[in-house]
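User: I'm new to this one and would like to get to know it slowly. Could you pick a single part, take a close look at it, and tell me how the pieces there fit together?

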Amino acid sequence: MITVHHLNNSRSQRILWLLEELGLPYEVKRYERDAQTMLAPPELRAVHPLGKSPVISDGDVTLAESGAIVDYLASRYGNGTLVPRADTPEHLRYLYWMHFAEGSLMPPLLLKLIFDRIESGPMPFFVKPIARGIAGKVKGAMVLPNLERLLTYMEGELAKSEWFAGAQFSAADIQMSFPLEAASVRAGLDQSRPKLWAFLKNIHTRPAYQRALEKGGKYDLLR
Ligand SMILES: N[C@@H](CCC(=O)N[C@@H](CS)C(=O)NCC(=O)O)C(=O)O
């Protein structure tokens with residue numbers, strides 16, 4: 001039996017979705033973020049030393065890192081349905097987007113979250129203008145232009161094919177879902193990018209996506 005160590009409002013939601021797409025039996029072990037810090041509880045460190053989610057166990061295998069988990073499950077149990085055949089251009093695209101999600105897209109989204117919180121968070125009045133000034137500068141000079149470029153680039157890529165790896169839905173689309181959902185609440189992704197917007201609409205209506213929401217509980221992305 002596969003166990004998903006699932007943190008509320010987190011990247012592990014996409015593992016539940018993948019397992020629903022694959023139609024595999026699995027159990028969900030839930031962990032709740034600390035309401036103040038939003039960090040995972042220490043019990044997750046008993047499963048994996050870094051204490052982050054997602055982590056899965058599958059027999060003797062314990063695996064962390066969402067891209068590795070998605071690729072492992074889809075390759076091992078997907079019978080070729082969610083991973084394009086090796087040595088095809090689609091497989092290369094699949095690999096690219098599988099790594100792009102956490103490697104290129106999440107870092108600026110995380111920076112946006114952190115600097116937004118610095119700008120709006122409580123702090124002594126005499127520090128406020130300095131902290132806000134620094135946060136605003138970093139966002140304006142680096143984070144926002146970078147996000148803008150990334151969104152424009154992805155919009156262009158989805159103009160070439162409906163899904164990230166090509167004409168067929170693949171596990172790379174599942175891996176890309178979390179940063180794109182985060183971009184929609186945090187980085188201004190909206191209808192003005194019609195391809196990316198349609199991607200989000202399309203994934204949200206998939207029955208497996210809906211079932212995963214029922215299994216995972218509340219899924220409100222951090223702003
Ligand atoms: N690159 C890792 C990131 C893992 C990660 O940061 N997970 C977040 C949830 S979205 C987490 O566990 N946060 C709570 C914490 O850091 O304590 C992955 O894709 O699995």
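Analyst: Let's start at Met38, which is placed in the loop between strand 2 and strand 3. Keep in mind that this is a predicted model. Met38 isn't a glycine, yet its phi is positive, at about 70°. Follow the chain along and you come to Pro54, which is found in that loop between strand 2 (26-31) and strand 3 (55-58) as well. The peptide bond that joins Ser53 and Pro54 is cis, with omega at about 10°.

Ser53 is worth holding on to, as it takes us to the ligand. A polar backbone atom of Ser53 is 2.8 Å from a nitrogen atom of the ligand. Ser66 joins in with its side chain: a polar atom there lies 2.5 Å from an oxygen atom of the ligand. Glu102 uses its side chain too, with an N or O atom that is 3.1 Å from a nitrogen atom of the ligand. How much of the ligand does the protein cover? On its own the ligand has 520 Å² of accessible area, and the protein covers 84% of that.

Now for the wider ring of neighbours. There are 13 residues around the ligand, and the closest are Ala40, Lys52, Ser53, Glu65 and Ser66. Sorted by class, this shell has 6 charged, 4 nonpolar and 3 polar residues.

Where does the ligand sit? You'll find it in the largest pocket, which has about 810 Å³ of space. That pocket is lined by 31 residues, and Leu7, Arg11, Arg33, Lys52 and Ser53 are the closest to its centre. So far we've met Lys52 and Ser53 among the closest residues around the ligand, and here they are again, among the closest to the centre of the pocket. The pocket lining has 17 nonpolar residues, along with 7 polar and 7 charged ones.

Helices have a part in this too. Helix 3 (89-120) and helix 5 (171-186) each give at least two residues to the pocket lining. The largest share, 5 residues, comes from helix 3. Just before helix 3 there's another backbone detail: Asn79 is found in the loop between helix 2 (66-77) and helix 3. Like Met38, Asn79 has a positive phi without being a glycine, here about 50°.

Helix 5 leads us on to one last space. Rolling a probe the size of a water molecule over the atoms shows where empty space is left. Searching the whole structure turns up 1 cavity of 30 Å³ or more, and the volume of the largest cavity is about 40 Å³. Its lining is made up of Gln13, Arg14, Trp17, Ser177, Phe178, Glu181, Tyr209 and Tyr219. Helix 1 (13-22) and helix 5 each bring at least two of these lining residues. By class, the cavity lining has 4 nonpolar, 2 polar and 2 charged residues. Helix 5, then, supplies residues both to the pocket lining and to the cavity lining.

Key: Residues numbered from 1 in each chain as written. Predicted model: local features only at pLDDT ≥ 70, side-chain atom pairs only at ≥ 80, totals over all residues. Heavy atoms only, no water. Near = heavy atom within 4 Å. Polar contact = N/O pair within 3.5 Å; in protein donor to acceptor, adjacent residues only side chain to side chain. Areas by Shrake-Rupley, 256 points an atom, 1.4 Å probe, with all protein chains shown as cover. 1 Å grid on protein atoms, 1.4 Å probe; cavity = no way out; pocket = protein on both sides within 12 Å on 5 of 7 lines; lining within 4 Å. Sits in = over half its atoms within 2 Å of the grid points. Nonpolar A, V, L, I, M, F, W, Y, C, P; charged D, E, K, R; others polar. Points joined across faces, edges and corners; volume = space filled by probe spheres on them. Helix = DSSP H or I, 4+ residues; strand = E, 2+ residues; numbered from the N terminus.
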